[in-house]
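Hi,

Here is the structure I promised to pass on. Have a look at it, and then read my notes below.

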Amino acid sequence: MEKAEQPPAPDLEAPNAPAKQSTVAQRWKQNLTPTHADFVCLMLTFLTGLCDSSAYNAWSCFLGMQTGNTIFLGLGASNQPNNKPWGWLKSFVSIASFFFGAMIFSIAMRSVGAVRRGTLFLSFLIQTLLIIVAVALIEADVIPHTSADAALDGGVLFLELIPIGLLAFQSAGGMTCSRALGYNEIPTVVLTSVYFDIASDPKLVDKPTANAKRNRRIGGVVCLLIGAIVGGWLSRSSGGMQSALWMAAGMKFVAAFAWLFWKAAPAK
C-alpha cells in the first residue's frame, strides 16, 4: 500500500506568517481576578485619609474628598473664610483636577481593558509618579506647605495649585481602579454614602462571614480614619506633610508591582 504523502511543514520564516505572541505579552494582557483586591481598595481608602489630612493642614483643601471642596468653593462666593481669600481657588483646582483625572483614567483604562495586568500596573505607576513629582516640589521648598504659610494671600501662594492639581488627579486614578475591580462599596474617597449604606443595611448585625459588603464598608471607614490620624501626626513631625506623601507614593509603588504577580482571572 502506497504511503500517504505528508503535507509540507509550514515556513515559519515566511514574511506573512503570524508571529507567536510571547508569554510576557500574553501575561501583560491577562485580566486579573478581583478576589482579595478589596484589600488594595482599602489601602487606597487609607491613603485618602493620609493625604487629605496632610493637605488640609497645609493648604486648607482636600485632594480626594471633593464634597468638602465643593462646600469651600461655595463659601468663596461670599468671600469666606475671611482669613483664606483664595481658598475657593484651591478647592476649584482640586475638583477640576479630580474630574479630569477620573475622565482620563476611565477612558484610557476602558480602551485597553480596565482589569488587565498591564493596565492596573501602569495606572498605579502613573499615580506613584504624580505623587513623587508633587512631593519633590515640596521637598525643594518651592511650594508653601506649612501652617506658617497659611497667611500668604497671593504671589507664591498660587504655586500650591501645582501639587494640589497633581495629587487630586492621581487620587481619581485610585477610585477608577476601585470601580473597575467591582468594589463600589469601597469608594476610596468619600464616606457619606458609606455611612448610610452601613446604617441601612438589613443584614447589619449578621455574623462577619455572612455580609462581605458590610465588612468592606466598615473597613473603609476605619482605614480612612486611621489614615487621617496618621497623616495628622506625620504633619506634626519633623518630616512634615512630605513624609505622608512619600508613604503614599511607596504604598502605591508596591501595589503597582503587586499587580504583576496577581492571579489571573479564569478563562471564559
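First, something to think about: among contacts in the protein between residues at least 6 apart in sequence, what percentage join residues at least 24 apart? It comes to 76%, where contact means heavy atoms within 4.5 Å.

Before you go further, a word on the source. This is a predicted model, so local features need pLDDT of at least 70 and side-chain atom pairs count only at pLDDT 80 or more, while totals for chains, interfaces and linings use all residues. Residues are numbered from 1 along each chain as its sequence is written, and side-chain values use heavy atoms, with hydrogens and water left out.

Now the overall picture. The protein has 9 helices and 0 strands, and from the N terminus on the elements run α-α-α-α-α-α-α-α-α. Both kinds of element are DSSP runs, numbered from the N terminus: helices are H or I with at least four residues, strands are E with at least two. Of the 268 residues, 43% count as buried. Buried means under 20% relative accessible area, exposed means over 50%, and partly exposed is in between (1.4 Å probe, protein chains only). About 14,800 Å² of the protein is exposed, and carbon and sulfur atoms supply 66% of that. Those areas come from the Shrake-Rupley method with a 1.4 Å probe; for residues, only the protein chains shown count as cover.

One residue to click on is Thr45, which sits in helix α2 (residues 38-59). Thr45 is buried, at a relative accessible area of 2%. Leaving aside neighbours within four places in sequence, Thr45 touches Ile186, Thr188, Gly220, Cys223 and Leu224.

Next, the charges. Side chains of opposite charge can pair when their charged atoms come close. A search of the whole structure turns up 5 salt bridges, each being a side-chain nitrogen of Lys or Arg within 4 Å of a carboxyl oxygen of Asp or Glu. In one of them, Arg216 pairs with Asp38, with the closest N and O atoms 3.0 Å apart. Arg216 lies in helix α8 (residues 212-236) and Asp38 in helix α2, so this pair ties together parts that are 178 residues apart in sequence. Both partners are buried: Arg216 has a relative accessible area of 19% and Asp38 one of 12%.

Arg216 also meets Glu185 in a salt bridge (2.7 Å, N to O). Glu185 is in the loop between α6 (161-180) and α7 (192-200) while Arg216 is in helix α8, so the pair ties together parts 31 residues apart in sequence. Glu185 is buried too, at 8%. Asp38, Glu185 and Arg216 are thus linked in a network of salt bridges.

Last, the rings. The search finds 11 aromatic pairs. Rings of Phe, Tyr and Trp (its six-membered ring) pair if their centres lie within 6.5 Å; planes under 30 degrees apart count as stacked, over 60 as edge-to-face and the rest as tilted. Trp86 and Trp88 form a tilted pair, 6.1 Å centre to centre with 35° between the planes. Trp86 is partly exposed at 33%, and Trp88 is partly exposed at 31%. Phe105 and Phe169 are tilted as well, at 5.7 Å and 50°. That pair links distant parts of the chain, with Phe105 in helix α4 (residues 87-112) and Phe169 in helix α6, 64 residues apart. Finally, look for Trp28, Phe121, Phe253 and Phe257, which form one aromatic cluster.

Cheers
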